[in-house]
Amino acid sequence: VVVFSLSKLQLKTGDLDPRLFSRLRHLQKLDLSDNLLDKFPNSLTLPDLRVLNCNNNKLEDVTALKQFPLLEELTYENNVYLTLNDDYKVMFLLQNLRLLNGKDITKLANHVRRVNSRKLTSKVTAHWEKFFRDQLPEKYTPEQVKSIKKKFLKSVQTNVVYGPSSLSEFTRWRVKMIAEEFLTYSLGLELNSDSEAEEKTDENEEESTESPREAAEDVAQVVHIYDPLVTVTPSKRKRNHSKSSPGNKRSKNQANTEEEAAEDVSAEPLHFLQCHSKGNSREDFKTQLWSCVFEPVLDSGARKDPIVSSSRTVATCGGESVCLIDCETGTVLKKYKVATEEFFSVAWTTLTMVISDSRKKAHNILAAAGRRGIVKLIHVAADFCYGEIKAHKKPIATVCFSPTQETHLFTASYDKRIALWDIGIPDCDYNFKASQLLVLETASIPLRIALVPTCPEQYLLAGCENGCFAWNIKLDKGQKSRPFEAIFQFPDEENMTTSHRVDGLAFLNDDVVVSKSSKPGCIYLWSWSRSFDAKGKGCQRTMSAVILAELEWSTTDMSYLTLSTCPAREYVFCGDEKGSVWMYNLSSHTTAWGSAKGKRSERRISPTQILKWPELRVNGEQPPEILVNNVVADPAFTYLVVLTSVNITAIWKKS
């Protein structure tokens, strides 16, 4: 057989039987497109294979393709986990490859094999000479060799950098390979074949979910900054009254009303915690904190009043850790760490699981994700991270669960895709099966996502680096990969624009969307139902956002300071570049906006109150510039959790 097609047969990796393939020694063309392959078996003996098609599979790795040394043409388009790094690996491994995904790569492949390899080899050698050569004694034991080898491989992969950051994974892969060859051939240090086993234990060491006892020791490292007993104390603060931003002249009457409203919502600072420090260092004022979500109360059904069943525990993430904090006491209840991760987002869901005594019971599960593109699934009550989903090859900016389908998780990534996963329900041994249900293609990096409250199984809205988009996410439509259905345009300085960074997005109620974008000093409130024309057919339509009002906010051009809402209390919150929190009570406006003839508010709405950052002294000094990356209230608006760029979590309580 010279040509063999196994396309569209729902084949999985285990279905490729090496015994069958070993009989096809003269096979030159193989078509495995439109299947479910996640990797290649290592021993398909096809010594004469020249052309291979693996389009539309689920491949995660390409290194096994080196078993086909004569391969000249290779296509693997629409394998969502493969990236530019994999293209470079293939070019290096397959010396005869001419065409990759239909493009002639002869010139680039020569560069990768020769120039790139030469540069990396000289950098690896220099790294050994500078930092490691003198550590190896003239007469050495196998133990010393093993120890220095391990240190060198780790150090060289971290420190040898070359080419664009988008290729860093390929560079690390090549550096490791070159370093191992260098140790074996140049220095004659034999490498044990157990390096893989070593790597596995290393990975396990990286992760730790601390049990309450261990966490208690860790909490000793939590700096309670707002505490007169600690060396760090805030200076005296005046009670917060409404502050308008500079240059905004308002009538005396207007100022008075807001002064009264400010009294109404006044909040007092309860705790300032430093619990995400790298290596528990008290000196860490650099770790950025990004996301926080209040834990759902377990005994409250979905339709109960959120006010009655409000929680006081909140999950926060930043740097290498995720913390669970009791807002009232300021206690860090649990802490979960992954040494090589930077967490960007957390989300809760409640699953009905059978754990030990074969009774079904509701349990809260926390999903956490970030720079590595991996979602960690944590059963918080059991102090157990029971699984992970390799969701994207690039960082995940944000995650959120469906309010109606408790196992449905959306992940929005720097790979310009938003994926919908069914995370499954773990059995009593925590075995679970996750599957990808949808991929939404975004034209630029998605930053914030929100499901439309009236139809959370039909429409998803996303604020992206280059606009605000909507997708139809109904699962009964056949197509698994979908372009956006609508892009919304907003007023710019002179006219309407679709092209702007939308870094804040949330629903205030069933219809009113709150979004923050490129226009400085401004947050828009707009109507979903009046802006989105569901009757129109076709994709990628431009629609004008029907603006209901503008909120006056800081004039900073700093991006990624996100906003949040408290629908039950009709509040919007947004932090600024000076550590302050802008709070807007919109209960007097929502009725008018909801009526059919709801007119746009003429004037910008000023904040009801601005909570100023108190003057904190840390070891006698004030922390540097404080950006408020995120601020979130519990559903009843009892607590306000403020996440900053200086590794401080501030907790305020409504007084």
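## Cysteines without disulfides

A search of the whole structure turns up 0 disulfides. A disulfide is a covalent bond between the sulfur atoms of two cysteines. The structure is a predicted model, and Cys 323 gives a good example of a cysteine outside any such bond. Its nearest cysteine sulfur belongs to Cys 275 and is 4.0 Å away. A pair counts as a disulfide only when the sulfur atoms are within 2.5 Å.

How buried is Cys 323? Its relative accessible area is 1%, so Cys 323 is buried. Cys 566 is also a buried residue, with a relative accessible area of 3%. The cut-off for buried is under 20% relative accessible area.

## The chain as a whole

The protein chain has 655 residues, and 51% of them are buried. It contains 10 helices and 41 strands. The chain exposes about 30900 Å². Carbon and sulfur atoms supply 50% of that area.

How do contacts spread along the sequence? Take the contacts in the chain with a separation of 6 or more. Residues 24 or more positions apart account for 57% of them.

## An enclosed helix

Helix α2 covers residues 84-93. Of its 10 residues, 9 are buried, so the helix is largely enclosed by the rest of the structure. Which residues of α2 are buried? They are Asn 85, Asp 86, Asp 87, Tyr 88, Lys 89, Val 90, Met 91, Phe 92 and Leu 93.

## A four-stranded sheet

Strands of a sheet pair through backbone hydrogen bonds, either parallel or antiparallel. One open sheet here has 4 strands, in the order β15-β16-β17-β18. Its pairing is antiparallel. The edge strands are β15 (343-354) and β18 (384-390), and each pairs on one side only. Neighbouring strands of this sheet are turned by 25 degrees against each other on average, with direction ignored.

Now follow the pairs. Strand β16 (residues 360-370) runs antiparallel to β17, and 5 bridges join them. Ala 367 has Leu 377 in β17 as its bridge partner. These two strands form a hairpin with 3 residues between them. In that hairpin, Gly 373 takes a positive phi near 75 degrees.

Next comes the pairing of β17 (residues 374-379) with β18, antiparallel over 6 bridges. Leu 377 has Gly 387 as its bridge partner in β18. His 379 stands opposite Phe 384 of β18. This second hairpin has 4 residues between its strands. Asp 383 in the turn has a positive phi of about 55 degrees.

## Covered on both faces

Is strand β17 buried or exposed? It is mostly covered, with 6 of its 6 residues buried. Ile 374, Lys 376 and Ile 378 lie on one side. Val 375, Leu 377 and His 379 lie on the other. Every one of these residues is buried, and both faces of β17 are covered.

## A mixed sheet and a WD repeat

Another open sheet has 5 strands, in the order β19-β20-β21-β22-β26. Its pairing is mixed. Here the edge strands are β19 (396-401) and β26 (481-482), each pairing on one side only. Strands β21 (residues 417-422) and β22 (residues 435-441) run antiparallel and are joined by 6 bridges. Within this pair, Ala 419 has Val 439 in β22 as its bridge partner.

An unreviewed UniProt entry places the feature "repeat: WD" at residues 389-423. In the model, that span is 57% strand and 0% helix. Its end C-alpha atoms lie 8 Å apart.

## A buried loop residue

Where is Phe 484 found? It sits in the loop between β26 and β27 (486-491). Its relative accessibility is 10%, so Phe 484 counts as buried.

Which residues is Phe 484 in contact with, leaving aside its neighbours within four places in sequence? The list is Glu 441, Ala 443, Phe 469, Ala 470, Trp 471, Cys 539 and Gln 540. Glu 441 is 43 residues from Phe 484 along the chain, yet their C-alpha atoms are separated by 6.7 Å.

Note on methods: Residues numbered from 1 in each chain as written. Predicted model: local features only at pLDDT ≥ 70, side-chain atom pairs only at ≥ 80, totals over all residues. Heavy atoms only, no water. Buried < 20%, exposed > 50% of the residue type's maximum accessible area, 1.4 Å probe, protein only. Contact = heavy atoms within 4.5 Å. Areas by Shrake-Rupley, 256 points an atom, 1.4 Å probe, with all protein chains shown as cover. UniProt positions renumbered as here; feature names shortened; annotations may be inferred. Pairing = 2+ DSSP bridges. Axes fitted to C-alpha atoms, helices over the stretch in contact; angles between N-to-C directions.
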